[in-house]
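Subject: The structure we talked about, with notes

Dear colleague,

I am handing over the structure below, and I would be grateful if you could keep it open while you read. My notes on what was found in it follow directly after.

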Amino acid sequence: MTAVPKSDHVPSPELIIHPAEASARRQQVAGSLVSFYEYSSRKPRAEQPETEVVLENVSLAERTTLRVGGPARFFAEPETSEGVASAFRFAQTRSIEIKVLGGGSNLLVGDGPHDALVLSLRKMRDFHYLKSSEGKYLISADAGASLPGVVASGVKLGSTELASFAGIPGTVGGAIRMNAGSPVTGFGKFVESIVCVDRTTGEFLSISHDDAGFGYRTSNLGSLIVLGATLSIDGGSRDEARELYKDHLRRKSIAQPLTAKSAGCIFRNPEGASAGKLVEASGLKGRCRGGAEVSSKHANFIINRGGATYEDVSALIEEIREVVSRLHGVNLSLEIQVWKS
Ligand SMILES: Cc1cc2nc3c(=O)[nH]c(=O)nc-3n(C[C@H](O)[C@H](O)[C@H](O)COP(=O)(O)OP(=O)(O)OC[C@H]3O[C@@H](n4cnc5c(N)ncnc54)[C@H](O)[C@@H]3O)c2cc1C
């Protein structure tokens with residue numbers, strides 16, 4: 001198989017294989033990173049020594065959509081499976097914690113230095129299609145594949161369900177870890193199987209959909225790093241999917257500050273309620289701390305209006321929690337992931 005050209009992700013006939021063959025290939029994912037990438041046939045094997053892969057003191061702010069955060073002591077953005085293995089060896093031999101970064105679109109990162117190896121998978125971002133059966137397509141995607149890219153391609157295949165993910169940034173790995181949600185469904189619904197590496201033991205595993213424990217903005221992947229996944233999507237009318245995509249994007253851009261620097265929704269919706277409506281009803285829209293501001297478009301978003309720090313955003317979060325608790329008796333819990341330094 002060859003990778004789908006970036007300019008047109010519609011599957012070409014040579015990319016389409018029978019489901020039984022796809023299943024057999026997945027069975028071959030027996031336990032090594034290299035075997036995963038051999039299975040996926042997408043990455044040339046190349047030497048990437050530690051010294052080339054691991055950089056020091058790299059800013060994380062510019063790698064998050066909120067644009068907040070200090071430097072990572074060590075940072076790796078490998079382009080090959082060999083590079084990932086090198087980064088792992090580097091961290092393991094020095095007993096350094098590994099933190100994994102996707103698109104940084106659901107993250108609040110501390111201002112100080114992070115004594116960790118931050119592993120970004122964004123340069124390992126290929127995806128392609130496997131055989132359609134009963135109107136379905138299988139997408140084999142690297143963890144660093146762009147979620148908007150996969151969604152746009154799914155829409156070309158006529159996936160009305162993927163169309164509902166219009167406007168959600170990030171990567172496939174982040175969407176799986178967070179079980180990113182559209183107004184229609186959670187991303188975990190599309191996941192057939194996931195190839196992971198355990199960041200503590202270095203073991204490689206293939207996880208089925210049922211074992212991933214997808215729930216509301218959660219999975220039970222814990223210390224596992226997603227390297228890639230096989231997704232199963234509905235195929236259908238391309239025109240219908242395109243219209244739905246446009247409609248979801250239009251609604252989202254009316255309701256949410258999509259062009260501002262933010263990390264998406266800050267709080268999880270409490271059972272039977274909307275966190276954004278509670279914050280709005282507490283009169284907190286437009287409230288500022290330093291460079292951080294509660295969006296006046298959607299009260300569950302905090303935007304960086306320029307120069308916001310981790311302290312600004314954290315102080316605003318605490319103020320929101322205190323006011324909502326006092327006025328509505330509801331304790332809001334965080335949806336965003338926080339990396340303290
Ligand atoms: C404007 C805007 C709109 C948004 N709208 C939505 C929405 O409608 N619905 C929704 O659910 N979210 C939304 N989000 C939040 C965000 O886009 C999603 O949660 C997205 O799935 C996060 O993916 P990411 O790659 O950016 O993850 P990151 O932010 O990089 O990481 C998030 C968490 O996942 C972990 N992670 C990342 N990659 C991997 C991996 N390969 N293996 C294991 N763990 C990993 C990180 O360590 C971190 O704990 C929005 C964000 C923005 C800025």
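Before the first finding, one term is needed: the helices and strands named here are DSSP runs, with at least four residues for a helix and at least two for a strand, and they are numbered from the N terminus. Please also bear in mind that this is a predicted model.

**The ligand and its surroundings**

With that term in hand, we can look at the shell around the ligand, to which strand S3 (98-101), helix H7 (172-178), strand S10 (224-234) and strand S11 (262-265) each supply at least two residues. Helix H7 gives the most, with five residues. In total, 30 residues surround the ligand, and the closest are Gly 102, Gly 170, Gly 173, Gly 174 and Gly 264. If you sort the residues of this shell by character, you will find 14 nonpolar, 15 polar and one charged.

**The protein as a whole**

The secondary structure of the protein comes to 10 helices and 15 strands, and of its 341 residues, 45% count as buried. Among the contacts with a separation of 6 or more, 67% are made by residues 24 or more positions apart.

As for confidence, the pLDDT of the protein averages 86, and 84% of the residues score at least 70. Over residues 1-45, however, the pLDDT is below 50, although this stretch has 68 contacts in the model beyond near neighbours in sequence.

**A sheet of four strands**

In which order do the strands of the open sheet of four strands lie? The order is S1-S2-S5-S3, and the pairing is mixed. Strand S1 (54-59) and strand S3 are the edge strands, each of them pairing on one side only. From one strand to the next, the twist averages 40°.

It helps to walk through the sheet pair by pair, beginning with S1 and S2, which run antiparallel and are joined by five bridges. Within this pair, Val 54 stands opposite Ala 76 in S2.

The next pair is strand S2 (residues 71-76) with S5, which pair in the parallel sense over four bridges. Here Ala 76 appears again, this time standing opposite Leu 119 in S5, while the bridge partner of Phe 74 in S5 is Leu 117.

The last pair is S3 with S5, which also pair in the parallel sense over four bridges. Leu 117 in S5 is the bridge partner of Ile 98, and Lys 99 stands opposite Val 118 in S5. When you look at such strands on the screen, it is useful to remember that in a regular strand the side chains alternate between the two faces of the sheet.

Why can strand S5 (residues 114-120) be called largely enclosed by the rest of the structure? Five of the seven residues of S5 are buried, and therefore the strand is largely enclosed.

**The helix across the sheet, and Gly 83**

Helix H4 (residues 81-94) lies across S1, S2, S3 and S5, and it runs at about 165° to S5. Gly 83 has its place in helix H4. This glycine counts as buried because 24 other C-beta atoms lie within 10 Å, where the cut-off for a buried residue is 20 or more. Although Gly 83 and Val 53 are 30 residues apart along the chain, their C-alpha atoms are separated by 6.2 Å.

**Two further places to look**

Is Asp 211 partly exposed or buried? With 13 C-beta neighbours inside 10 Å, Asp 211 counts as partly exposed. You will find Asp 211 in the loop between strand S9 (204-208) and S10, and its C-alpha atom is separated by 9.8 Å from that of Ile 194, a residue 17 positions away along the chain.

Finally, please look at helix H5 (residues 147-156), whose buried residues are Leu 147, Val 150, Val 151, Ser 153, Gly 154 and Val 155. Just after H5 comes Gly 158, which takes a positive phi of about 95°.

With best wishes

Technical notes:
Residues numbered from 1 in each chain as written. Predicted model: local features only at pLDDT ≥ 70, side-chain atom pairs only at ≥ 80, totals over all residues. Buried ≥ 20, exposed ≤ 12 C-beta atoms within 10 Å, placed from the backbone. Near = placed C-beta within 6 Å. Nonpolar A, V, L, I, M, F, W, Y, C, P; charged D, E, K, R; others polar. Pairing = 2+ DSSP bridges. Contact = placed C-beta atoms within 7 Å. Axes fitted to C-alpha atoms, helices over the stretch in contact; angles between N-to-C directions. pLDDT = per-residue confidence, 0-100.
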